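Grab a pencil and open the structure viewer. Below are a few exercises, each with a solution you can follow step by step.

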Amino acid sequence: MSAGSAQPYREPAILLTPGLLFLLLAFFFPALQLLAQSFLTFGTEPARFTLEHYAKAAVDDFYAGVGVRTFRLAMIITALCLLIGFPLAVIITRVGPALRTVLIVLIILPLMTSVVIRTFGWLVILGPGGVLSWTLQQLGVIDRGISLMHTEAGIVIAMVQVLLPFLVLTTLGSLGQIPPSLEEAARVMGAGFFRGIFHVTLPLAVPGLASGSLLVFALSISSFITPTLVGGVRLQVMAGSIYQQMTGSFDWGFGAALSMILLLSTLLLIVPYMVITSRIGGRK
Amino acid sequence: MHQMSVRSIVKHFADLKVLDEFDLDVAKGEFVALLGPSGCGKSTLLRIIAGLETPDSGEIHIAGRSVTALAPEHRNIALMFQSYALLPHMSAIENVRFPLRMRGQLSRADQLRKAREAMSLVQLGHLAERYPRQLSGGQQQRVALARSIVGEPDLLLLDEPLSNLDARLREEMQIELKRLHENLGLTTIFVTHDQNEALGLANRITLMNRGSIEQQGTPEEIYRRPRTVFAADFLGGANIFELEVSESDGVWSGSFPDGSRVDLAVSSDLEPGKCQFMLRKEAVTFDPEQSMSTITGTIQTQNYLGGQTRSLIRAGGIEIIAVTDSDKTETDRIETQIGWRPDELIPLQNV
């Protein structure tokens with residue numbers, strides 16, 4: 001036995017320190033400061049304890065609407081990413097190595113460009129007189145030009161494209177661990193292609209789908225560039241509102257309160273979700 | 001009528017020809033072993049029969065219908081994978097019920113009843129609710145076996161069924177598999193590289209080499225009368241050496257490198273000249289009878305195996321290994337006479 005084994009936690013603790021310090025400085029410290037600010041008056045000296053920021057958020061229907069929209073959009077975006085991403089990931093695991101590489105590169109490629117540039121791309125496609133409108137008109141589906149700009153549908157389309165890679169990549173991790181013999185066994189036992197996927201592949205991919213959808217949900221709750229550019233001022237989301245309070249109205253106290261409400265409600269949704277999915281995924 | 005037949009199956013992987021115009025017929029209730037070294041094409045053939053690989057050309061018939069173009073789920077067969085391929089997110093009983101559930105011809109209650117029956121056939125009824133990860137390797141194998149027989153398939157395919165078990169369990173499962181086959185009469189084809197498994201389980205052994213059949217027959221035929229050097233060598237336990245064959249007045253004899261001569265049994269395969277012969281290690285005795293061929297040798301070394309003893313004997317200018325009952329084994333390292341029945345010395349085609 002080496003001398004180091006007498007203190008089994010010492011070496012792991014050393015390895016953990018840089019990450020822990022970074023998290024402390026970059027997340028917990030600002031989060032606690034925001035928490036404090038949300039309960040303090042802003043601009044008075046000295047700052048006093050107050051609930052006025054939360055009262056304002058509760059009373060103003062506008063912010064309730066922003067909150068509901070934010071969560072509704074995040075759920076729709078997550079659901080669509082699951083619906084599109086899972087079959088895509090299944091196909092990627094089943095094709096030959098050459099095609100698989102091509103598909104993975106195609107999935108990752110959008111991540112190499114800035115979100116701003118990708119979103120401007122969507123503006124060109126979704127906007128009035130854009131490619132989408134023009135194509136539908138040429139096909140005779142619609143008779144006058146449409147625009148998905150400043151609509152929730154437009155936000156969802158642009159966001160799904162931005163976030164799909166996260167879901168596909170995490171799901172690929174799970175799918176890669178399923179031995180091919182399980183799917184073959186299911187087929188020989190009479191399952192057929194689609195039922196094999198439903199009864200074998202899908203349940204075994206739950207861990208990847210769970211972490212992927214959590215990632216997508218968290219990212220879409222907190223995103224503000226794409227919703228702000230596509231949705232405009234009328235269709236505000238929480239992150240956009242907070243940004244505006246902090247940088248436009250300079251109402252830091254109210255911005256902090258909105259941040260706390262967003263953080264808390266996100267946790268209220270995510271924690272039960274994690275518990276349920278880990279229970280399903282943990283059965284194997 | 002054959003329960004299963006494959007005709008002229010050809011399969012390439014890239015430029016490599018894995019199966020070359022392969023034919024095989026299996027009668028109803030037969031227990032056939034596809035035996036051969038790795039890379040001989042036996043596993044590919046099994047996967048082609050199951051529908052998991054598509055042959056380049058050829059025909060497959062199962063239970064009287066052509067299944068060549070059918071997907072695996074429509075072939076009404078069962079395949080037990082080497083890795084068992086139990087579904088980790090389902091309990092043992094759910095795994096066993098899975099084929100019935102997918103075929104959907106029975107009510108849920110009947111499916112469960114049949115699954116329980118299959119579980120008790122493999123003596124695992126008490127572990128029905130366990131998940132695969134909570135079962136030992138041997139128990140997992142029994143679940144996989146129950147899952148394979150539960151749907152009364154037209155054909156049961158087993159891929160290296162015993163290779164993941166330790167020696168003691170392997171012996172136990174050999175008996176179990178044989179008993180199940182005798183009770184259920186399922187037409188069974190299994191793939192193995194282990195000659196003992198093939199000899200112990202099958203009614204018929206199809207010995208494969210480089211994508212073709214090397215020799216086919218009952219275990220006894222294959223073991224006692226191999227036709228080629230490959231067959232003699234692969235079935236194990238053989239001395240293989242070259243003798244100079246000559247004939248005078250209808251009596252055939254062979255001479256060892258040092259000039260010692262032994263009589264050869266009359267066989268149509270014999271012709272004068274050099275020829276490879278096989279002599280099973282158990283055919284050699286230290287106590288030859290009058291009618292036997294004999295030769296003088298010296299014992300080089302011996303391994304005591306319990307009931308039997310293995311001796312390395314230098315005789316006729318070559319080394320011969322004998323496995324004999326320990327109580328009938330010469331134990332001093334001295335010159336000794338060894339002998340065998342002339343028909344135990346089998347001429348081989350040198351391929």
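Before we start, one rule: two strands count as paired if DSSP finds at least two bridges between them. Also keep in mind that this is a predicted model.

**Exercise 1. Find which residue is the bridge partner of L157(B) in β8(B).**

Step 1: Locate the two strands. In chain B, β7 covers residues 155–159 and β8 covers residues 188–192.

Step 2: Check how they are joined. There are 4 bridges between β7 and β8 of chain B, and the two strands run parallel. With the cut-off of at least two bridges in hand, you can call them a pair.

Step 3: Read off the partner. L157(B) is bridged to I189(B).

**Exercise 2. Work out in what order the 6 strands of the open sheet with mixed pairing are arranged in chain B, and which strands stand at the edges.**

Step 1: Walk across the sheet. In chain B the order is β6-β7-β8-β3-β9-β10, and the pairing is mixed.

Step 2: Look at the two ends. β6 (77–80) and β10 (212–217) of chain B each have a single partner strand, so each has one side without a neighbour in the sheet.

Step 3: Add the twist. On average, neighbouring strands here are turned by 20° against each other, if you ignore direction.

Step 4: Add the helix. α4 of chain B, residues 137–149, packs on this sheet and touches β6 and β7 of chain B. The direction of α4 makes about 170° with that of β6(B).

**Exercise 3. Now the other open sheet: say in what order its 5 strands run in chain B, then track the partners of β11(B).**

Step 1: Give the order. It goes β13-β12-β11-β14-β19 in chain B, with antiparallel pairing.

Step 2: Name the edges. These are β13 (261–263) and β19 (346–348) of chain B; each has a single partner strand, so one side of each lacks a neighbour in the sheet. Neighbouring strands of this sheet are turned by 45° against each other on average, direction ignored.

Step 3: Go from β11 to β14. In chain B, β11 (238–248) and β14 (273–280) share 8 bridges in the antiparallel sense. One example to click on: I240(B) has M278(B) as its bridge partner.

Step 4: Go from β11 to β12. β12 spans residues 251–255 of chain B, and 5 bridges tie it to β11(B), again antiparallel. Here E247(B) is bridged to W252(B), while E244(B) stands opposite S255(B).

Step 5: Inspect the turn. The hairpin of β11(B) and β12(B) has 2 residues between its strands, and D249(B) takes a positive phi near 55° there.

**Exercise 4. Describe where chain B meets chain A: how many residues are in contact?**

Step 1: Count both sides. 24 residues of chain B touch 20 residues of chain A.

Step 2: Look at the area. The two chains bury about 1900 Å² between them, with 65% of it on carbon and sulfur atoms. On the chain B side, E73(B), H89(B) and M102(B) lose the most area to chain A, together 33% of what that side buries.

Step 3: Hunt for charges and polar pairs. The interface of chain B and chain A has 2 salt bridges. One of them links E184(A) to R47(B), whose closest N and O atoms are 2.7 Å apart. There are also 7 residue pairs in polar contact between the chains.

Step 4: Ask which elements take part. β6 and α2 (92–103) of chain B each supply at least two residues to the side that touches chain A. The largest share, 5 residues, comes from α2(B).

**Exercise 5. Sum up the makeup of chain A, then the domains of chain B: how many helices and strands does chain A have?**

Step 1: Tally chain A. You'll find 13 helices and 0 strands. Its C-alpha trace spans about 80 × 75 × 30 Å along the principal axes.

Step 2: Split chain B. Domain 1 takes in 2–224 and domain 2 takes in 237–348. The C-alpha centres of these two domains of chain B lie 40 Å apart.

Conventions: Residues are numbered from 1 along each chain as its sequence is written. Chains are lettered from A and ligands numbered from 1 in the order in which they are written. This is a predicted model: local features need pLDDT of at least 70, side-chain atom pairs count only at pLDDT 80 or more; totals for chains, interfaces and linings use all residues. Side-chain values use heavy atoms; hydrogens and water are left out. Axes are lines fitted to C-alpha atoms, for helices over the stretch in contact, and angles run from 0 to 180 degrees between N-to-C directions. Contact means heavy atoms within 4.5 Å. Domain bounds come from an automatic or database domain assignment. Buried area is the accessible area (1.4 Å probe) that two parts lose on being put together, summed over both. A salt bridge is a side-chain nitrogen of Lys or Arg within 4 Å of a carboxyl oxygen of Asp or Glu. A polar contact is a pair of N or O atoms within 3.5 Å; within protein, one must be able to donate a hydrogen and the other to accept it, and residues adjacent in sequence count only if both atoms are side-chain atoms.
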